[in-house]
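Open your viewer and keep the sequence panel in sight. Each stop below tells you what to select and what you will find there.

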Amino acid sequence: MTAEAQIKDTVTSNDVVLFMKGTKSMPQCGFSSRVAGVLNFMGVEFADVNVLADDQIRQGIKDYSDWPTIPQLYVKGEFVGGCDIITEMTLSGELDTLFAENNVAFDKDAADKIREANA
């Protein structure tokens, strides 16, 4: 299976996917840690793909999304963004809306706590 086919299969067979450096339980970069931390704190079930484990996936995800950096978040097969975009969406409430519109379970109280802590 090509890297592109593997990536497409992963993003279409999981509701939420985070391509990251490391894993959700052991991130290996600050940006990946921030996004995984937000998703974990909000109780979002997500698949994590460690791009450090496979150079073809590491480059392939950048080509797939036409986005140069890792981490990359996908919801229902659609690319959402990287760390800065996810941070902004979390603080504005847009991420809550995206999850709600796509029937992705999350803890609204936890999302509110993130916003309160960053107000």
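The tour goes from one helix to its neighbours, then to the cores, and ends at a second pair of helices. Keep in mind that this is a predicted model.

**Stop 1: helix H1**

Select residues 3-13, which form helix H1. Now pick out Ala 3, Ile 7, Thr 10 and Val 11: these are buried. Look down the axis of H1. The buried residues fall within an arc of 90°, so they line one face of the helix. The spacing has a general background: an α-helix has 3.6 residues a turn, so residues three or four places apart point the same way.

What covers that buried set? Show strand E1 (16-20), strand E2 (47-50), helix H3 (55-65) and strand E3 (72-75), which are among the covering elements.

**Stop 2: H1 against H3**

Keep H1 and add H3. Their axes come within 9 Å and cross at roughly 70°. That crossing makes H1 roughly perpendicular to H3. To see the contact, show side chains on both helices. From H1, select Ala 3, Glu 4, Gln 6, Ile 7, Lys 8 and Val 11. From H3, select Gln 56, Ile 57, Gly 60, Ile 61 and Tyr 64. Colour this contact by class: six residues are nonpolar, three polar and two charged.

**Stop 3: the largest nonpolar core**

Which members of the 22-residue core touch the most others? Select Leu 73, Leu 95 and Phe 99. Then colour the elements that give two or more residues to this core: E1, helix H2 (30-41), E3, helix H4 (83-92), helix H5 (94-101) and helix H6 (108-117). H2 gives the most, with four residues.

Centre the view on Leu 95. Leaving aside residues up to four places away in sequence, Leu 95 touches Val 38, Met 42, Leu 73, Ile 86, Met 89 and Thr 90.

**Stop 4: another core**

Apart from the largest core lies another, of eleven residues. Select Ile 7, Phe 19, Ile 57 and Ile 70, which are among its members. You have met Ile 7 and Ile 57 already, in the contact of H1 with H3.

**Stop 5: H4 against H5**

Finish with residues 83-92 and 94-101, helices H4 and H5. Their axes come within 5 Å and cross at roughly 90°. H4 is therefore roughly perpendicular to H5. Show Ile 86, Met 89, Thr 90 and Ser 92 in H4, which meet Glu 94, Leu 95 and Leu 98 in H5. By class, this contact has four nonpolar, two polar and one charged residues.

Technical notes: Residues are numbered from 1 along each chain as its sequence is written. This is a predicted model: local features need pLDDT of at least 70, side-chain atom pairs count only at pLDDT 80 or more; totals for chains, interfaces and linings use all residues. Side-chain values use heavy atoms; hydrogens and water are left out. Buried means under 20% relative accessible area, exposed over 50%, partly exposed in between (1.4 Å probe, protein chains only). The arc is that of the directions from the helix axis to the C-beta atoms. Contact means heavy atoms within 4.5 Å. Axes are lines fitted to C-alpha atoms, for helices over the stretch in contact, and angles run from 0 to 180 degrees between N-to-C directions. Angles under 35 degrees count as roughly parallel, over 145 as roughly antiparallel, 65 to 115 as roughly perpendicular and the rest as oblique. Ala, Val, Leu, Ile, Met, Phe, Trp, Tyr, Cys and Pro count as nonpolar, Asp, Glu, Lys and Arg as charged, and the others, Gly among them, as polar. A nonpolar core is a set of buried Ala, Val, Leu, Ile, Met, Phe, Trp, Tyr and Cys residues joined through side-chain atoms within 4.5 Å.
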